[in-house]
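Got a minute to poke around a structure together? Let's go through its pockets and its aromatic rings, one question at a time.

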Amino acid sequence: MKDNILILEAKQSNHEELRELFFTVRKDTFHWIEPKELKLSDYDESTKDELILAAFINNKLVGFVSIWVPDKFIHNLFVLQDFQGKGVGTALINEAAKRVGLPLTLKCVKENTKAFDYYKAHNWKIEKEEMGNEGLYFLMKYSSPYNEE
């Protein structure tokens with residue numbers, strides 16, 4: 001599967017499909033947010049002025065990452081449920097690192113245990129724990145794919 005993943009900078013023509021993917025993954029996995037509070041337009045606000053890299057498998061959009069480039073901060077990393085665990089998130093992070101450099105940082109809501117487990121397994125380190133709009137979160141940093149720091 002990993003060899004079939006194509007990562008491209010998102011184009012305007014991908015906009016509606018990206019909004020749908022963002023909405024769908026949040027609805028399916030963000031159990032700590034009331035579903036009726038989620039809107040398609042959340043994508044627009046959440047990715048404003050960010051670099052968006054989209055992951056495709058056989059011409060199908062399966063995930064994306066959005067990065068606030070000045071801080072090398074991953075604001076969003078979303079992969080459709082059917083494609084999780086198939087290397088899509090890792091391919092997106094690797095491409096983000098290639099484009100903007102390391103270290104990368106992100107916030108992971110503590111309730112999002114599946115995402116947290118993924119980041120820990122892929123050598124992201126907890127920098128601190130804080131309270132945010134969606135509850136307790138970890139600020140995490142990725143310096144290297146290996147444990148050498």
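A pocket here is an open set of grid points with protein on both sides within 12 Å along at least five of seven lines, and its volume is the space filled by probe spheres set on the points. Keep in mind that this is a predicted model.

Q: What volume does the second largest pocket have?
A: Picture the spot by its lining: 14 residues, with Q12, H15, Y43, E50 and I52 nearest the centre. Filling that space with probe spheres gives a volume of about 190 Å³.

Q: Which element gives the largest share of the lining of the second largest pocket?
A: Three elements are in the running, since α1, α2 and β2 (51–57) each give two or more residues. The largest share is three residues, and the element they come from is α2.

Q: How many charged residues are in the lining of the second largest pocket?
A: Asp, Glu, Lys and Arg are what count as charged. Set aside the five nonpolar and three polar residues, and the charged ones number six.

Q: Which element gives the most to the lining of the largest pocket?
A: This pocket holds about 1400 Å³ of space and has 45 lining residues, with F30, H75, N76, F78 and N112 nearest the centre. Elements supplying at least two residues include α1 (15–29), β4 (73–79), α3 (88–100) and β7 (135–142). With seven residues, the top contributor is β4.

Q: How many residues in the lining of the largest pocket are nonpolar?
A: Sorting the lining by class gives 15 polar and 10 charged residues. The nonpolar count is 20.

Q: Is Y118 buried or partly exposed?
A: Buried means under 20% relative accessible area, and exposed means over 50%. Y118 comes in at 22% relative accessibility, so Y118 is partly exposed.

Q: What kind of aromatic pair do Y118 and Y119 form?
A: Nine aromatic pairs turn up across the whole structure, and this is one of them. The centres of Y118 and Y119 sit 5.5 Å apart, with 75° between the planes. Planes over 60 degrees apart count as edge-to-face, so the Y118 and Y119 pair is edge-to-face.

Q: What is the angle between the planes of Y119 and W124?
A: Y119 is buried, at 7% relative accessibility, and W124 is buried too. Their ring centres are 5.5 Å apart. The pair is edge-to-face because the planes lie at 65°.

Q: Which residues do ring pairs link into a cluster?
A: Two of them have come up already: F78 lies among the residues nearest the centre of the largest pocket, and Y43 among those nearest the centre of the second largest. Ring pairs make the links, and the cluster is F22, Y43, F64 and F78.

How values were computed
Residues numbered from 1 in each chain as written. Predicted model: local features only at pLDDT ≥ 70, side-chain atom pairs only at ≥ 80, totals over all residues. Heavy atoms only, no water. Phe/Tyr/Trp six-rings, centres within 6.5 Å; stacked < 30°, edge-to-face > 60°. Buried < 20%, exposed > 50% of the residue type's maximum accessible area, 1.4 Å probe, protein only. 1 Å grid on protein atoms, 1.4 Å probe; cavity = no way out; pocket = protein on both sides within 12 Å on 5 of 7 lines; lining within 4 Å. Helix = DSSP H or I, 4+ residues; strand = E, 2+ residues; numbered from the N terminus.
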